Amino acid sequence: MRGPGQDSSTNAGRGRTPKQDERVPLQQARAAPGWRRSASDSLLAIAGVALVTGVIAAAHLYPRFPSSALTYLLVIVALASTRGHYAAILAALLASFSFDFFLAPSPDVFAATELEDLLDPVVFLATAIVTGQLTAALRGHAEQARRKERETRLLSEQAQELAALQERQRLARELHDSVSQALYGINLGAHTAREALDSEPGEASSALEYVIALAEAGLAEMRSLIFELRPESLATEGVVAALTKQVTILRTRYKLSVDAQLGEEPTLSLERKQTLYRIAQEALHNIVKHARAHTVLLCLSKQDGQLILEVCDDGLGFDPTGHFPGHLGLHSIQERVAQLDGTCSIESAPAQGTCLRVRIPHNEPGSAVEKSVRI
């Protein structure tokens with residue numbers, strides 16, 4: 001029969017998990033680098049102090065040149081800044097003993113009553129400790145800065161991923177609301193034209209015209225979406241070309257009468273062109289979504305050093321003095337205008353259309369861009 005001690009030891013051995021079995025060698029593996037570092041620090045301290053002592057003693061520099069003893073301090077500072085407290089303190093003790101026993105021998109070398117005998121180890125130890133503390137503090141600050149940099153980079157990557165996801169979702173909605181419906185209409189119109197081709201040629205012709213109109217609208221939508229996916233197009237084609245694509249969409253898809261007077265390409269930076277394009281795009285989107293308009297005026301001109309962009313419509317209008325929580329596009333426009341150091345004003349009334357004016361600097365400091373948007 002087994003005793004209680006045998007059962008407990010057996011159960012303990014049987015109950016040990018693989019992770020517990022691996023714990024001892026893992027701890028040994030982690031402890032090994034610490035011992036190796038201590039050994040290497042000791043060797044470096046001994047070698048550094050021995051080298052300085054040998055050079056000073058061989059060249060008989062001390063006491064002819066008392067400042068040569070400061071070389072020990074250089075070794076201590078170098079070890080404290082590169083290896084840490086242990087190497088620096090060990091080097092300080094070795095330097096103190098080496099200085100006393102090899103460089104400045106005296107009959108009463110073992111009598112620690114003179115100020116010089118007490119000052120040497122104190123100076124060396126103080127140098128080692130202070131330098132080690134400063135180095136540790138600097139390393140801590142550097143590690144904290146690196147950690148903050150990593151966190152900032154991670155947050156930036158997450159923000160970029162979120163922005164990319166939102167952009168993909170927006171494009172998916174745009175494709176579903178525009179191109180997908182246009183393709184469905186083209187398919188339906190083509191089937192109608194094929195069925196009426198033999199019996200009613202007139203109806204087939206109308207169906208084909210409907211198909212052509214939908215194809216043109218879908219093509220305009222695709223060009224606009226591709227343009228938005230390639231921001232560098234604003235640098236190559238310009239903001240006038242981008243606004244022209246928006247005008248084509250308004251005419252083909254939404255059957256709006258658009259009077260476009262865009263003029264010459266403005267001399268703006270790429271970032272300001274992108275912001276200006278987004279302002280106009282948001283304003284036109286508000287017209288389609290809220291205004292129920294029939295005609296739209298889009299005008300881009302230069303007057304007195306100012307770039308003036310006007311977008312007007314004859315839609316429903318609203319009270320600009322009240323709250324318009326559903327018109328989030330207006331808030332977006334105001335934020336973009338603020339980014340351009342500009343100002344904006346809204347003129348609107350029920351059943352009389354809406355006018356949004358925006359002024360942004362152009363070319364010279366203090367100049368402005370005026371944008372009128374009737375939504």
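**Cysteines and strands under the rules**

Mentor: By the rule that a disulfide is a pair of cysteine sulfur atoms within 2.5 Å, the count here comes to zero disulfides. This is a predicted model, where local features need pLDDT of at least 70, side-chain atom pairs count only at pLDDT 80 or more, and totals for chains, interfaces and linings use all residues. Residues are numbered from 1 along each chain as its sequence is written, and side-chain values use heavy atoms, with hydrogens and water left out.

Trainee: Why is Cys312 not bonded to Cys355?

Mentor: The closest cysteine sulfur to that of Cys312 is the one in Cys355, and at 4.9 Å the pair is too far apart for a bond. Seen from Cys355, the closest sulfur is that of Cys312, so the verdict is again "too far".

Trainee: What makes Cys312 count as buried or exposed?

Mentor: Buried means under 20% relative accessible area, exposed over 50%, and partly exposed in between (1.4 Å probe, protein chains only). Cys312 has 15% relative accessibility, so it counts as buried. Cys355, at 1%, is buried too.

Trainee: Now the strands: in which sense do S2 and S3 pair?

Mentor: Strands are DSSP runs of E, at least two residues, and helices are runs of H or I, at least four, numbered from the N terminus. Two strands pair if DSSP finds at least two bridges between them. S2 (residues 295–303) and S3 (residues 306–313) have eight bridges, so they pair, in the antiparallel sense. One of the partnerships joins Cys299 to Glu310 in S3.

Trainee: And how many bridges link S1 and S2?

Mentor: Five, in the parallel sense, with S1 at residues 257–261. Asp259 has Leu297 in S2 as its bridge partner.
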